[in-house]
Every structure is written in structure tokens, then in C-alpha cells.
Amino acid sequence: MYKYKDLLEIRTLSAEEIGFLLDTAGPMKEIIKRQIKKVPTLRGKTVVTLFYENSTRTRGSFELAAKYMSADAINISGSSSSVAKGESLYDTGRTLQSLGADVIVLRHPMAGAPELLARSVQAAVINAGDGAHEHPTQALLDMFTVREKKGGLAGLRVAIVGDVLHSRVARSNIWGFTKMGAEVRVCGPATLLPAGVEETGALVFHQLDQALAGADVIMMLRIQKERQQQGLFPGLREYARLYGLNERRLALAAGDALVMHPGPMNRGVEITAAIADSNRAVIEEQVTNGVAVRMALLYLLSGGGAQA
Ligand code: CP
């Protein structure tokens, strides 16, 4: 059911393929709930995480996923590798392959970098976030979390709120939830919504109260302060007033609406600390489920399935 060498984006996957990836993550969640989180499934396989941007959740969970499955895992960061001496992505990828990498997990600031790498190496390549293009494993863990909590995805109303323009998480989730039959609403100031976003099938809102009305899932996005040099909104206080999730606004959503955030959060900007820490939030479960989803992907892409 998953017939590709790599995982580069959600956009080109079918609903059946997404469902299969989520199904494969289910047994992996059982493993990480055990006291001894170790199975021999990927013994002899080598996983390399190659990160040209900072990360806590994605890199940590890929490394743990590899280790829980007994693969050998190494981390390479752009700043501490020969990348800093000017080595190209192509040469870096070929070098990692010569070192024995079976899977390369790449985060890169340039959209399309994982695809370039995937065409350059025989190793499987997993996109761990490329520019503002996609973050497919985040969308898979988000869909896994919602499916686990709600029992399914079709027919749910999913509001994705905030800095959609710079968000690869939003793009992957728009594709993913739409393909799985959910109604996706995107909401933010016009300056933070990409032109043509409605062509993905998402409904566009600029008033947060309207976007939240009856929502089953609320996904708050991080304001990417590091990418806000162009003055796309007046200030953080104004943004929080118009687009921050607070108790009053949460009450507009369905009574059992899930509150999600891919992290890292700006508490007090896109979400109040009280909501982030409340039992409505599934933010920490998203992180845990990220390990299960990434175990499933490493298993499928490293040929683990053939050995099992
Ligand atoms: N959600 C996410 O990608 O977080 P990190 O940047 O910490 O990996």
C-alpha cells in the first residue's frame, strides 16, 4: 500500500495511502507504551537525520523512533558538519549514502530540497520540513492524533489558524485532512494567508470567531517571528487580540473540540497558556504520536516490512 522510495509530501498521496500509513503507526504506538521500548525490527539499518534548521520534536522523535526499532541512528546538523565548509546537499547526501545510510531524514530551509536529495541517492529520503512547502510527518502525526481521539477524520471541521503563509505544517495538513474527507478552514489576516489557498479546497476566513464556529479541531500555528521582517501584521499584541485562542473563542467551537499546536508555541500570542495546559489541548499527545508515526515510516521505507 506504500509503494514509494521516499516520503516527500502529502499532496501526492491518496487517501488510501494516508490511511495505510496511519494504520501502520497504530502498532508502533503499542511499542512506545511498553516499559521496554525496543524491538529488533530495523537491526542493521542506518538512519541519518540531516538538519539544516533547528528542531526539537522532529529530530528527537526520528532519532528515538530509529533507536526503539534497533536501527543505528546518527544526527548531522548543517552548522556542525562540512556543510559549513560549503559542501553541497548533493555531495552531503552521497557521502551519507557511502557511509551506509538506508534512510536520510532531511530538514532544509529550501522548498524542494528533499526531492533533489531523493533523486540523488538510493537511500530513502523523508522530508522533515522544507521551507514553506510541506512537513508531511507532522501532518501524519496530527491526523493520527485526531483519528485516535475522534474515531475518524471524514466530516470533521478542522480550523487551521494563524501564519499559514509561512507554515509547511499548514500546507501538509490542508492536503491531508481534505483528502481524508474533513472540512478544512484556514483563518488569519490576509497578509498571512497564501494567495490561492482556496484552490486546495480549504475554506478561507479572516474573522477567527467565524472560523471557530462549530469546529471539531482547532490547530493553532506558531507566528514565525524569524520570518516576519516584512511587517505582515501591526504587532504581536494586536495579533493576539485578533487571532489568539482564548477561553471565549474556544467556547465557540464544538464542546469536545481538540486544541492542537505543532510547536514550538508562543504562549500568550497564538494561544493562552491556560488553554495550552488545559485538558482540551492534545499538544503533548501530538509529540508522543510523532514517534509512532515516524517508527511506521522508518519501518516501511527501510525495507523493514520485508524482514518482519
Ligand atoms: N513541529 C515541529 O516541526 O517542531 P520542531 O521544529 O521542534 O521539530
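# Salt bridges, empty spaces and cores in a predicted model

Q: Is Glu115 buried or exposed, or somewhere in between?
A: Glu115 is partly exposed, with a relative accessible area of 42%. Please note that the structure is a predicted model, and the values discussed here are computed from it.

Q: Which residue forms a salt bridge with Glu115?
A: The partner is Arg119, and the closest N and O atoms of the pair are 3.8 Å apart.

Q: Where do Arg119 and Glu115 lie?
A: Both are in helix H4, which covers residues 113-120. They are four residues apart, which is about one turn of the helix.

Q: And Arg119, buried or exposed?
A: Arg119 counts as exposed, because its relative accessibility is 64% and the exposed class begins over 50%.

Q: Which residues do shared salt-bridge partners join into one network?
A: Asp209, Arg248 and Arg249 are joined in this way.

Q: Let's stay with Arg249. Where is it, and is it buried or exposed?
A: Arg249 is located in helix H9, residues 247-250. With a relative accessible area of 8%, Arg249 is buried, because the limit for that class is under 20%.

Q: What is Arg249 in contact with, sequence neighbours aside?
A: Once neighbours within four places in sequence are left aside, Arg249 is in contact with Leu208, Asp209, Leu212, Ala240, Arg241, Leu242, Tyr243 and Gly244. One of these, Asp209, also belongs to the salt-bridge network with Arg249.

Q: How many salt bridges are there by this rule?
A: The count comes to 17. Among them are the pairs Glu9 with Arg11 and Glu30 with Lys33.

Q: How far apart are the atoms in those two pairs?
A: For Glu9 and Arg11, the closest N and O atoms are 3.1 Å apart. For the side chains of Glu30 and Lys33, the N to O distance is 3.7 Å.

Q: Which of these count as buried, and which as exposed?
A: Glu9 is buried, at 11% relative accessibility, whereas Arg11 is partly exposed at 42%. In the other pair, Glu30 is partly exposed at 46% and Lys33 is exposed, with a relative accessible area of 57%.

Q: New topic: empty space. How does one find it?
A: Rolling a probe the size of a water molecule over the atoms shows where empty space is left.

Q: How many cavities of 30 Å³ or more turn up?
A: A search of the whole structure finds one. Its volume is about 80 Å³.

Q: Which residues line the cavity?
A: The lining consists of Arg57, Ser61, Gln138, Leu141, His261, Pro262, Gly263, Ile283, Gln286, Val287, Gly290 and Arg294. By type, these residues divide into four nonpolar, six polar and two charged.

Q: Which helices supply at least two residues each?
A: Helix H2 (57-68), helix H5 (136-150) and helix H11 (283-301) do so. H11 gives the most to this lining, with five residues.

Q: What about the largest pocket? What is its volume, and how many residues line it?
A: The largest pocket has a volume of about 420 Å³, and 20 residues line it. Those nearest its centre are Arg107, Arg168, Arg222, Gly263 and Pro264. Gly263 is also one of the residues lining the cavity.

Q: What kinds of residues make up the pocket lining, and which helices supply at least two?
A: The pocket lining has four nonpolar, ten polar and six charged residues. Helices H2 and H6 (168-179) each supply at least two.

Q: Now the core. How many residues are in the largest nonpolar one?
A: That core has 62 residues. The members with the most contacts inside it are Leu140, Met143, Ile160, Phe177, Met295 and Leu298. H11 gives the most to this core, with nine residues.

Q: What does Leu298 touch beyond its sequence neighbours?
A: Leaving aside residues within four places in sequence, Leu298 is in contact with Leu42, Val47, Phe62, Ala65, Ala66, Val103 and Ile126.

Q: How many residues does the second core have?
A: The second, separate core has 28 residues, including Val161, Leu208, Ala257 and Ile271.

Q: Last one: where is Ile218, and is it buried or exposed?
A: Ile218 is in strand S8, residues 217-220, and is buried, with a relative accessible area of 0%. Apart from its neighbours within four places in sequence, its contacts include Ala159, Leu245, Ala257 and Met260.

Definitions and conventions: Residues numbered from 1 in each chain as written. Predicted model: local features only at pLDDT ≥ 70, side-chain atom pairs only at ≥ 80, totals over all residues. Heavy atoms only, no water. 1 Å grid on protein atoms, 1.4 Å probe; cavity = no way out; pocket = protein on both sides within 12 Å on 5 of 7 lines; lining within 4 Å. Points joined across faces, edges and corners; volume = space filled by probe spheres on them. Nonpolar A, V, L, I, M, F, W, Y, C, P; charged D, E, K, R; others polar. Core = buried A, V, L, I, M, F, W, Y, C linked by side-chain atoms within 4.5 Å. Buried < 20%, exposed > 50% of the residue type's maximum accessible area, 1.4 Å probe, protein only. Contact = heavy atoms within 4.5 Å. Salt bridge = Lys/Arg side-chain N within 4 Å of Asp/Glu carboxyl O.
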